[in-house]
Amino acid sequence: TQSTWGILRAQSTSMPVLSNAEMSQFVLSKLRRSGTCVMLGLDVGTLKFGLAYSDMYAQLAQPLGIVYKEPEHEIAKVARKIKNIIESRSVSGLVVGWPLNAMGHAGAACNRTGSILQGLMGAGAFPVPLTLFDESHSTQDSAALAQQANSFEPLHNRPQRAMDQMAAALILQKFLDQTHGTSRASIDVPSPSEIAEDRMNERMHQRRMAKIKHEQRWTKIR
């Protein structure tokens with residue numbers, strides 16, 4: 001029988017589903033051409049999706065937020081939210097957590113994730129290439145990091161959303177490390193001035209996008 005990954009790749013029409021090696025080559029090629037490549041990480045859940053994004057150089061991942069899917073909400077609404085994030089942040093590619101089992105095989109969890117991805121894909125959520133990346137231990141690692149970050153807060157008070165975002169960041173970071181052949185500890189972190197400049201450029205881009213949307217709405221009204 002065809003794998004879930006193979007089915008997703010075969011059914012993909014608007015954008016490619018790449019292997020990890022193909023996505024790594026895509027990232028490195030884009031960095032060579034333009035010098036920047038923002039990546040988005042996605043931790044897929046039944047009712048919510050953890051998000052993370054990289055810096056402009058596709059080296060460091062950080063949590064971004066949560067997109068919720070209440071039972072009564074259509075998948076199209078979630079798809080629009082994810083697509084808006086991709087477009088507003090000029091994301092070049094997407095790394096999706098792929099829940100392989102302990103033996104490294106795709107089982108029931110991958111089938112569930114694949115079914116959700118098919119729905120999002122059909123609703124146009126992904127206007128950029130995506131790859132499915134083994135998310136083994138990401139949930140446990142994210143829980144440990146969240147506990148460390150909130151060591152003075154009782155466990156039952158720690159928001160689950162923090163772990164969902166952290167899981168997405170860990171998935172994305174592991175892919176970025178693999179792409180660059182480094183560990184996070186050895187990454188050449190941009191200087192404070194470079195980080196400040198990146199944030200300023202990001203805010204300017206967001207203002208430009210908001211202005212364009214405002215002008216488009218005004219044009220429709222007229």
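Let us start with one cysteine: Cys37 has a relative accessibility of just 1%, so this residue counts as buried. A second one, Cys110, has a relative accessibility of 0%, so Cys110 is buried too. You might wonder about bonds between cysteines, since a disulfide is a covalent bond between the sulfur atoms of two cysteines. How many disulfides does the structure hold? The count is 0.

**The overall picture**

Keep in mind as you look around that this is a predicted model. The protein is built from 7 helices and 6 strands. Walking from the N terminus, you meet its elements in the order α-β-α-β-β-β-α-β-α-β-α-α-α. The protein has 222 residues, and 38% of them count as buried. Its accessible surface comes to about 12500 Å², with 54% of that belonging to carbon and sulfur atoms.

How do parts of the chain that are apart in sequence meet? Take the contacts in the protein with a separation of 6 or more: 67% of them join residues 24 or more positions apart.

**How confident is the model?**

The average pLDDT of the protein is 78, and 69% of the residues score at least 70. Over residues 142-158, though, the pLDDT is below 50, and this stretch has 12 contacts in the model beyond near neighbours in sequence. Residues 184-190 also have a pLDDT below 50, with 15 contacts in the model beyond near neighbours in sequence. Please read both stretches with care.

**A hairpin to find**

Now look for strand β3, residues 48-54, and strand β4, residues 61-68. In which sense do β3 and β4 pair? They pair in the antiparallel sense, over 7 bridges. One bridge you can look up joins Gly50 to its partner Ile66 in β4. Together β3 and β4 make a hairpin, with 6 residues between them. As a general point for reading strands, in a regular strand the side chains alternate between the two faces of the sheet.

**Two residues with a positive phi**

The turn of this hairpin includes Ala58, which has a positive phi although it is not a glycine. Ser90 is not a glycine either, and its phi is positive as well. Here are the two residues side by side.

| Residue | Phi | Loop | Relative accessibility |
|---|---|---|---|
| Ala58 | about 55° | between β3 and β4 | 0%, buried |
| Ser90 | about 55° | between α3 and β5 | 38%, partly exposed |

**Inside the protein**

The largest nonpolar core has 28 residues. Which of its members touch the most others? They are Leu40, Leu42, Leu94, Val96, Leu120, Phe126 and Leu130. At least two residues of this core come from each of β2 (38-44), β3, α3 (75-88), β5 (91-98), α4 (108-122) and β6 (130-134).

Leu94 is a good residue to click on. Leaving aside residues up to four places away in sequence, Leu94 touches Met23, Met39, Leu40, Leu42, Phe126, Val128, Pro129, Leu130 and Thr131.

Apart from the largest core lies another one, of 17 residues. Among its members are Cys37, Ala58, Phe133 and Ala169. That brings us back to two residues you have already met: Cys37, buried at 1% relative accessibility, and Ala58, buried at 0%.

How values were computed: Residues are numbered from 1 along each chain as its sequence is written. This is a predicted model: local features need pLDDT of at least 70, side-chain atom pairs count only at pLDDT 80 or more; totals for chains, interfaces and linings use all residues. Side-chain values use heavy atoms; hydrogens and water are left out. Helices (H or I, at least four residues) and strands (E, at least two) are DSSP runs, numbered from the N terminus. Buried means under 20% relative accessible area, exposed over 50%, partly exposed in between (1.4 Å probe, protein chains only). Contact means heavy atoms within 4.5 Å. Accessible areas come from the Shrake-Rupley method with a 1.4 Å probe; for residues, only the protein chains shown count as cover. pLDDT is the predictor's confidence in each residue, from 0 to 100. Two strands pair if DSSP finds at least two bridges between them. A nonpolar core is a set of buried Ala, Val, Leu, Ile, Met, Phe, Trp, Tyr and Cys residues joined through side-chain atoms within 4.5 Å. A disulfide is a pair of cysteine sulfur atoms within 2.5 Å.
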